[in-house]
Number of protein chains: 2
Amino acid sequence: MRLVRTPEELKIALKGAQQVGFVPTMGYLHKGHLSLAERCRRDNRTAVVSIFVNPTQFGPSEDLSRYPRDLNGDLELLRSAGVDLVFAPEPSHMYPSDFSTWVEETSLSKGLCGARRPGHFRGVCTVVLKLFNLVKPDRAYFGEKDYQQLKVIQRMVRDLNMDVDVIGCPIVREEDGLAMSSRNVYLSPEERELALCLSRAIQRAQEEALKGERSPKRIIDAALSAVPEDPRVQVEYVNLVDPETLEDLDELRSAARILLAVRVGTTRLIDNGPLSLGG
Amino acid sequence: MRLVRTPEELKIALKGAQQVGFVPTMGYLHKGHLSLAERCRRDNRTAVVSIFVNPTQFGPSEDLSRYPRDLNGDLELLRSAGVDLVFAPEPSHMYPSDFSTWVEETSLSKGLCGARRPGHFRGVCTVVLKLFNLVKPDRAYFGEKDYQQLKVIQRMVRDLNMDVDVIGCPIVREEDGLAMSSRNVYLSPEERELALCLSRAIQRAQEEALKGERSPKRIIDAALSAVPEDPRVQVEYVNLVDPETLEDLDELRSAARILLAVRVGTTRLIDNGPLSLGG
């Protein structure tokens, strides 16, 4: 496995590479990331992973400065996963001081997390497009945990005629149901317990839908009933949406997805899942 | 020479193409465009020209609907110029009804034409990035007549790590000095005569600079003295700028460029030129 730090080194390292698979990450890797890296390695001749805590997707009051980092640990894990090439640039390699070009998706990115994190998806789209242009992958792998991000990137790739297949991969969970996230490290033991409310909320919603419930409001109420009344737990949103347009559903008819964001202490967690119709 | 109309056909037509040169145009071709096409053919193994009147770079009160078109005439000219492939898509091929992703340069694009044509450079950047992703050129050729556009696109390409060399080519002029433009066809014979004030203004500015004048204000005043007092002629801007940052200069020191936009009747014309320092 090779580590490169600059776009110039990356270009040389990728010269002549064929069938390139790519997993962009912000590092501090967990089993969710590794499932993407392993899929990437299986599906492609050359498996590339980037590690870059992208400053432009963090708001001014967000956790950029304390975002967890562990490059050596990450490299160890990626080596074990059989990755060929790791690209870990510095912010100055990606954003010169007079950087001035942005990519913005203006429909799917506006609700849900986008409404609470202004500029977040602009930063995500911009850095992902840059990374795609640098790595030139045939396929790129994203976790469904960031479901809105996945859909925004797929839309960007379609709209901008980018020649890459963007593949969504299943959420990887801890044994007790908590979705893997680099931010889970922020949680105290008590908060870690409270954080189970996210996956439980999704489960309750899924049970209601399977029982035949078709009212989004009642399904969302069922989900919310899994959230403890505790001042440390603040629901940011729970929405039941069309899985492609991300628009709120007024009735559960065919495919649907429940997405939610909850603050536990100072940590913002997200989760989501598909709803299957029973009845 | 081959003509393709859809992104899918283009992809097939370009399969295996090496050393691709590209000239994006809005059609109604003149000698300026042809100089780009000829340079493109000389420098590359495969010469591709696109013809697409890009709706997203026109403002609501601009001339999209009456923009001149002549596909058959254009194809004739490009065939004579030795072009290999012409891509002439319909708007629906480029912009599906739920299109929602935009590329925006936020520094160089804000003054000059950008200040008078809100959204224009966003449309330009978006379509050029799309076309680059479709054609995958090694080199792309743009006329210096649209000098701000050239600099905005070069910045976009740098910022977004696009692997294409963007080459600016000299303005081609009519014998009397008028810069070639598809919009010149809008001019009545009287307006055609009045339109000479743009190139004359640049000439006067160049003469002043050569004589040793270093004050941008006095150089601009000299340029303006070439503009007739006529109600049909309205100066939109005359600026003396740094050729890379496009910022106004407060003193003429080294490289500088004069850029201007003038309305003649209902037709908006632009022109520009470098200033060489004499004295």
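Student: Is His33(A) buried or exposed in this predicted model?
Tutor: The model is predicted, so the value is a computed one. His33(A) is found in helix H2 of chain A. Its relative accessible area is 15%. Buried means under 20%, so His33(A) is buried.

Student: What feature does UniProt place at His33(A)?
Tutor: The entry is unreviewed. The annotation may be inferred rather than shown by experiment. The feature that UniProt places at His33(A) is "active site".

Student: Which residues is His33(A) in contact with, leaving aside its neighbours within four places in sequence?
Tutor: Contact means heavy atoms within 4.5 Å. With the neighbours within four places in sequence left aside, the partners of His33(A) are Thr25(A), Gly27(A), Tyr28(A) and Ser182(A).

Student: Which backbone nitrogen does the side chain of His33(A) reach?
Tutor: A polar contact needs N or O atoms within 3.5 Å. The side chain of His33(A) has a partner at 3.0 Å. That partner is the backbone nitrogen of His30(A).

Student: Is His33(B) buried or exposed?
Tutor: His33(B) sits in helix H2 (residues 31–43) of chain B. Beyond four places in sequence, His33(B) is in contact with Thr25(B), Gly27(B), Tyr28(B) and Ser182(B). Its relative accessibility is 14%. The limit for buried is under 20%, so His33(B) counts as buried.

Student: Where is Tyr28(A), and what is its phi?
Tutor: Tyr28(A) is in the loop between strand S2 (20–25) and helix H2 (31–43) of chain A. Its relative accessibility of 27% makes it partly exposed. Tyr28(A) is not a glycine, although its phi is positive. The value is about 50°.

Student: What is the phi of Gln19(B)?
Tutor: Gln19(B) lies in the loop between helix H1 (7–14) and strand S2 (20–25) of chain B. Gln19(B) is partly exposed, at a relative accessible area of 34%. Gln19(B) is not a glycine, yet its phi is positive. The value is about 50°.

Student: Is Met26(A) buried or exposed?
Tutor: Met26(A) lies in the loop between S2 and H2 of chain A. Its contacts beyond four places in sequence include Ile51(A), Phe52(A), Phe58(A) and Tyr67(A). Its relative accessible area is 16%. Since the limit for buried is under 20%, Met26(A) is buried.

Student: How many Å apart are Met26(A) and Arg69(A) in space?
Tutor: In sequence, Met26(A) and Arg69(A) are 43 residues apart. The distance in space runs from C-alpha to C-alpha. It comes to 8.4 Å.

Student: Which residue's side chain does Arg268(A) join in a polar contact of 2.8 Å?
Tutor: Arg268(A) is in strand S10 of chain A. At 16% relative accessibility, Arg268(A) counts as buried. Residues it touches more than four places away in sequence include Arg116(A), Arg117(A), Arg183(A) and Tyr237(A). The side-chain partner in the polar contact of 2.8 Å is Glu236(A).

Student: What is the volume of the largest cavity?
Tutor: A probe the size of a water molecule shows where empty space is left. The count is 1 cavity of 30 Å³ or more. The largest cavity has a volume of about 60 Å³.

Student: Which element gives the largest share of the lining of the largest cavity?
Tutor: Helix H9 (197–210) and strand S10 (267–275) of chain A each supply at least two residues. Among the lining residues are Lys145(A), Leu198(A), Ser199(A), Leu269(A), Ile270(A) and Asp271(A). By class, the lining divides into 6 nonpolar, 3 polar and 2 charged residues. The largest share, 3 residues, comes from S10(A).

Student: Which residues are closest to the centre of the largest pocket?
Tutor: The largest pocket has a volume of about 1800 Å³. Its lining counts 48 residues. The closest to its centre are Lys136(A), Asp163(A), Phe132(B), Asn133(B) and Lys136(B).

Student: Which element gives the largest share of the lining of the largest pocket?
Tutor: Elements giving two or more residues to this lining include helix H6 (120–135) and helix H7 (147–159) of chain A, and helix H4 (91–94) of chain B. By class, the lining has 23 nonpolar, 11 polar and 14 charged residues. The largest share, 6 residues, comes from H1(B).

How values were computed
Residues are numbered from 1 along each chain as its sequence is written. Chains are lettered from A and ligands numbered from 1 in the order in which they are written. This is a predicted model: local features need pLDDT of at least 70, side-chain atom pairs count only at pLDDT 80 or more; totals for chains, interfaces and linings use all residues. Side-chain values use heavy atoms; hydrogens and water are left out. Helices (H or I, at least four residues) and strands (E, at least two) are DSSP runs, numbered from the N terminus. Buried means under 20% relative accessible area, exposed over 50%, partly exposed in between (1.4 Å probe, protein chains only). On a 1 Å grid over the protein atoms alone, a cavity is a set of points where a 1.4 Å probe fits but cannot get out, and a pocket is an open set with protein on both sides within 12 Å along at least five of seven lines; lining residues have an atom within 4 Å of a point. Grid points are joined across faces, edges and corners, and a volume is the space filled by probe spheres set on the points. Ala, Val, Leu, Ile, Met, Phe, Trp, Tyr, Cys and Pro count as nonpolar, Asp, Glu, Lys and Arg as charged, and the others, Gly among them, as polar. A polar contact is a pair of N or O atoms within 3.5 Å; within protein, one must be able to donate a hydrogen and the other to accept it, and residues adjacent in sequence count only if both atoms are side-chain atoms.
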